[in-house]
Amino acid sequence: MEGRMQGKAPLSDSNRRIMDADAPPRRVYQAWKGSNIFFLGGRLIFGPDVRSLILTVCLIVIPVILFAAVVSGQLAHEYHNQIGGWVASVAIIFTAYIILLLLLTSGRDPGIVPRNAHPPEPEDVGESSNLSEWPGGQHGSTGLPLTKDVLVNGVLVKVKYCHTCMLYRPPRCSHCSICNNCVERFDHHCPWVGQCIGKRNYRFFFMFVSSTTVLCIYVFAFCWVDLRIIMDTHRCKLGRAIMKSPVSCILILYTFIAVWFVGGLTSFHLYLISTNQTTYENFRYRYDRKTNPHNRGLVQNFIEILCSRIPSSKNNFRAKVKEDSSTFTSSLSMGRALSPPKMSVDLEMGMKRQTVAMEELEDLHSQIGSVMGLERCGTEPPHIVGRKGCSEIATDIEAFAEEFGMEQRFTERKKIEQRTSDIP
């Protein structure tokens, strides 16, 4: 604490901005604590690796352009009809549909759980908390247990406490280290779409992967048809047909390699859907060795994941965040240091929270005096015994006073108390 006070500036630039009551309110996406990137005023949310979308779009669009411009034209020339135009039209429309699925996967909230501004109170954790993972039954730095037990379909499941988001994660929720968010029904972070795959975009991700597989098979098949027509028309072997249509050969090789990738992903996720697992759960927990509490049967699993209603986002990224300098916490319970000023609207939820008005500052002055009196008498209040002594709390309050311009008044009060203690 002493090191923190010595290196502490009177007011940092960020504190000046917070203390400025006339500053225009920002929106939630502008004050977002995660690593996401927003577009169109917070209407679209992407992961920090959104640039990979450019590569993904190019890998899909460029082969289709070559197919529509070269292969379809050759088919129309060989057949002397409009079949080439129909083949090209289907490929282009299907590609536009795939790009739309890609944007729906990458540009929406995957199911981010809003983080708390402060850790939950220990009494709110409940009796189901589990201390077995802490040596000697110790709590973490926040005084909260690492895990607690919840009941899922009659099976006891452990949920972990996230120190970054300051909450107990819901079942099937995990913290993405890339996006720095807790995501509901977290599957994985996909670098190809530049976004986490979770509860709100998994369906679009599966449709994107499976549709890309179908597109690869479509282009692969018609490129072979083109080579076969050339061989029949010119009565030549495959090598000469490739010389006449090298683009078809290139696309055949390209789609053959791509279909192993996207087709393999499609098959793997079909298995995950049929067993109601996520990629994260499959690699981490291996439910084939124990009971999966989320498995509801083949048909119900497909209905739940592909046909159920997608829940609304828990975050309003366009909500206004009004930073109020007249609000701060006044709780000294549990021996915790005083908290800095709180925003009247939660950064993640845009929801108003209860705060303390500036006129309650006088109450804090009286608390400071009572603590200084306790320090002189060498006693401690009962509610902080075993956590912090009076000297530590006085140091915390001194730092608080320094931050809010109370240092001079605090120093004078301290001198008076020192003179009083020197009197025999």
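Two strands count as paired here if DSSP finds at least two bridges between them. The model on screen is predicted.

**Whole chain.** Show the protein as a cartoon: twelve helices and twelve strands make up its secondary structure. Of its 424 residues, 41% count as buried. Among contacts with a separation of 6 or more, 63% are between residues 24 or more positions apart.

**Strands β5, β6 and β7.** Select residues 155-162, which form β6. Now add residues 167-168, strand β7, which runs antiparallel to β6 and is joined to it by two bridges. One pair to display is Cys162 with its bridge partner Leu167. The hairpin of β6 and β7 has four residues between the strands, and Met166 in the turn has a positive phi of about 55°.

Go to the other partner of β6 by selecting residues 147-152, strand β5. β5 and β6 pair in the antiparallel sense, over six bridges. Thr147 has Lys160 of β6 as its bridge partner. This hairpin has two residues between its strands, and Asn153 takes a positive phi near 50°.

**Ser72 in α3.** Select residues 52-79, helix α3, and find Ser72 within the helix. Is Ser72 buried or exposed? Its relative accessible area is 2%, so Ser72 is buried, the cut-off being under 20%. Leaving aside neighbours within four places in sequence, show what Ser72 is in contact with: Phe67, Gly84, Val87 and Ala88.

**Helix α4.** Gly84, Val87 and Ala88 lead to the next selection, residues 83-106, which is helix α4. The 24 residues of α4 reach 35 Å from the first C-alpha to the last, close to the 34 Å expected at 1.5 Å a residue. Gly84, Val87 and Ala88 are themselves buried. Other buried residues of α4 include Ala91, Thr95, Ile98, Ile99, Leu101 and Leu102. Further along, Thr105 and Ser106 are buried too. When looking down a helix, keep in mind that an α-helix has 3.6 residues a turn, so residues three or four places apart point the same way.

**Helices α5 and α9.** Finish with residues 202-234, helix α5, and residues 298-307, helix α9. These helices pack at an angle of about 100°, with their axes 8 Å apart. α5 and α9 are therefore roughly perpendicular to each other, a class that covers 65 to 115 degrees. Show side chains for the contact: Tyr202, Arg203 and Phe206 come from α5, and Glu304, Ile305, Leu306 and Cys307 from α9. By class, the contact has five nonpolar, no polar and two charged residues.

Notes: Residues are numbered from 1 along each chain as its sequence is written. This is a predicted model: local features need pLDDT of at least 70, side-chain atom pairs count only at pLDDT 80 or more; totals for chains, interfaces and linings use all residues. Side-chain values use heavy atoms; hydrogens and water are left out. The expected span of a helix is 1.5 Å times one less than its number of residues. Buried means under 20% relative accessible area, exposed over 50%, partly exposed in between (1.4 Å probe, protein chains only). Contact means heavy atoms within 4.5 Å. Axes are lines fitted to C-alpha atoms, for helices over the stretch in contact, and angles run from 0 to 180 degrees between N-to-C directions. Angles under 35 degrees count as roughly parallel, over 145 as roughly antiparallel, 65 to 115 as roughly perpendicular and the rest as oblique. Ala, Val, Leu, Ile, Met, Phe, Trp, Tyr, Cys and Pro count as nonpolar, Asp, Glu, Lys and Arg as charged, and the others, Gly among them, as polar.
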